[in-house]
Amino acid sequence: MKLVVIDGQGGRMGKSIIEQLKKNCPEPRSFEIYAIGTNSTATQAMMKAGADYGATGENPVIVNSRNADMIVGPIGIVIADSLLGEITPAIAAAIGSSPAYKILIPINRCNHMIVGCQDAPLSEYLQQVCSEVLKRI
């Protein structure tokens, strides 16, 4: 299974997700983690957390979205120009049109609000993400 974790800015969410998945999933794992950062800082943080592969930028997002089984990241990865402009329209379109199962973290910043989501700390959302990923592998 190909699990693609996409993050930007400092890569803190992606890093936490990868750390939790590696901690809670016994070896050998039935999935490989691809860390795709919208910038090099985010990619480096996710690689340090233990991702199997890593790449940075628009093209790696587009290429890896094509054949991912699961994509994880903040909700902004499917909204053009979000994450302070790091998400290009091509990135948002590639992720949105990917056949992968998507687990999106409802971060209510940058002028978008996800109605119906409880207002929870980021750490709780990240635990929910990891639980959902582990249920589906």
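# Reading a predicted model: a dialogue

Modeller: In this predicted model, Cys 130 is buried, with a relative accessible area of 3%. Let us take that residue as our starting point.

Biologist: How many disulfides does a search of the whole structure find?

Modeller: The general approach is to compare the positions of the cysteine sulfurs, since a disulfide requires two of them within 2.5 Å. Here the search of the whole structure returns zero disulfides. Cys 25 takes part in none, as the nearest cysteine sulfur, that of Cys 130, is 10 Å away. The same holds from the other side: Cys 130 is in no disulfide, and the sulfur of Cys 25, the nearest one, is 10 Å away.

Biologist: Is Cys 25 buried or exposed?

Modeller: Cys 25 is buried, with a relative accessible area of 11%.

Biologist: I should now like to read a helix. Which residues of helix 5 are buried?

Modeller: One first lists the buried residues, and then asks on which side of the axis they lie. Helix 5 spans residues 89-97, and Ile 91, Ala 92, Ala 94 and Ile 95 are buried in it. These residues cover an arc of only 165° around the axis, so they are on the same side of helix 5. The face turned away from that buried side carries the exposed residues Pro 89 and Ser 97.

Biologist: Against which elements do the buried residues of helix 5 pack?

Modeller: They pack against strand 1 (2-7), helix 3 (58-66), strand 4 (70-74) and strand 5 (101-105).

Biologist: Where are the buried residues of helix 2?

Modeller: Helix 2 runs over residues 40-48, with Ala 42, Thr 43, Ala 45 and Met 46 buried. Viewed down the axis, these buried residues fall within an arc of 160°, and therefore line one face of helix 2. On the face turned away from the buried side are the exposed residues Gln 44 and Lys 48. The buried residues of helix 2 pack against strand 1, helix 1 (12-24), strand 2 (32-37) and strand 3 (53-56).

Biologist: Strands are the next topic. What is the general idea?

Modeller: In a regular strand, side chains alternate between the two faces of the sheet. One may then ask how far each strand is covered and which strands are joined. Strand 4 is mostly covered, five of its five residues being buried. Strand 2 is also mostly covered, with five of its six residues buried.

Biologist: How many bridges join strand 1 to strand 2, and how many join strand 1 to strand 4?

Modeller: Strand 1 and strand 2 run parallel and are joined by six bridges; within this pairing, Val 5 has Ala 35 in strand 2 as its bridge partner. Strand 1 and strand 4 also run parallel, joined by three bridges, and Val 4 stands opposite Ile 71 in strand 4. Strand 4 is further joined to strand 5 by five bridges, and these two run parallel. In that pairing, Pro 74 stands opposite Ile 105 in strand 5.

Biologist: With which residues is Asn 64 in contact, leaving aside its neighbours within four places in sequence?

Modeller: A contact list shows what surrounds a residue in space. Asn 64 lies in helix 3 and is buried, with a relative accessible area of 12%. Leaving aside neighbours within four places in sequence, Asn 64 is in contact with Lys 2, Val 4, Tyr 34 and Ile 36. By contrast, Asn 64 and Cys 117 are 28 Å apart in space, C-alpha to C-alpha, and 53 residues apart in sequence.

Biologist: Where does Lys 2 lie with respect to the ring of Tyr 34?

Modeller: Lys 2 lies over the face of Tyr 34, at 4.5 Å from the ring centre. As for rings paired with each other, the structure holds one aromatic pair.

Biologist: Finally, what does the backbone angle phi show at Gln 9?

Modeller: Gln 9 has a positive phi of about 45°, although Gln 9 is not a glycine. Its place is in the loop between strand 1 and helix 1, and at 37% relative accessibility Gln 9 counts as partly exposed.

Biologist: What is the phi of Leu 83, and where does Leu 83 lie?

Modeller: Leu 83 has a positive phi of about 50°, and it is not a glycine either. Leu 83 lies in helix 4, residues 82-85, and at 11% relative accessibility Leu 83 counts as buried.

Note on methods:
Residues numbered from 1 in each chain as written. Predicted model: local features only at pLDDT ≥ 70, side-chain atom pairs only at ≥ 80, totals over all residues. Heavy atoms only, no water. Phe/Tyr/Trp six-rings, centres within 6.5 Å; stacked < 30°, edge-to-face > 60°. Lys NZ or Arg CZ within 6 Å of the ring centre and 35° of its normal. Buried < 20%, exposed > 50% of the residue type's maximum accessible area, 1.4 Å probe, protein only. Helix = DSSP H or I, 4+ residues; strand = E, 2+ residues; numbered from the N terminus. Arc of directions from axis to C-beta. Contact = heavy atoms within 4.5 Å. Pairing = 2+ DSSP bridges.
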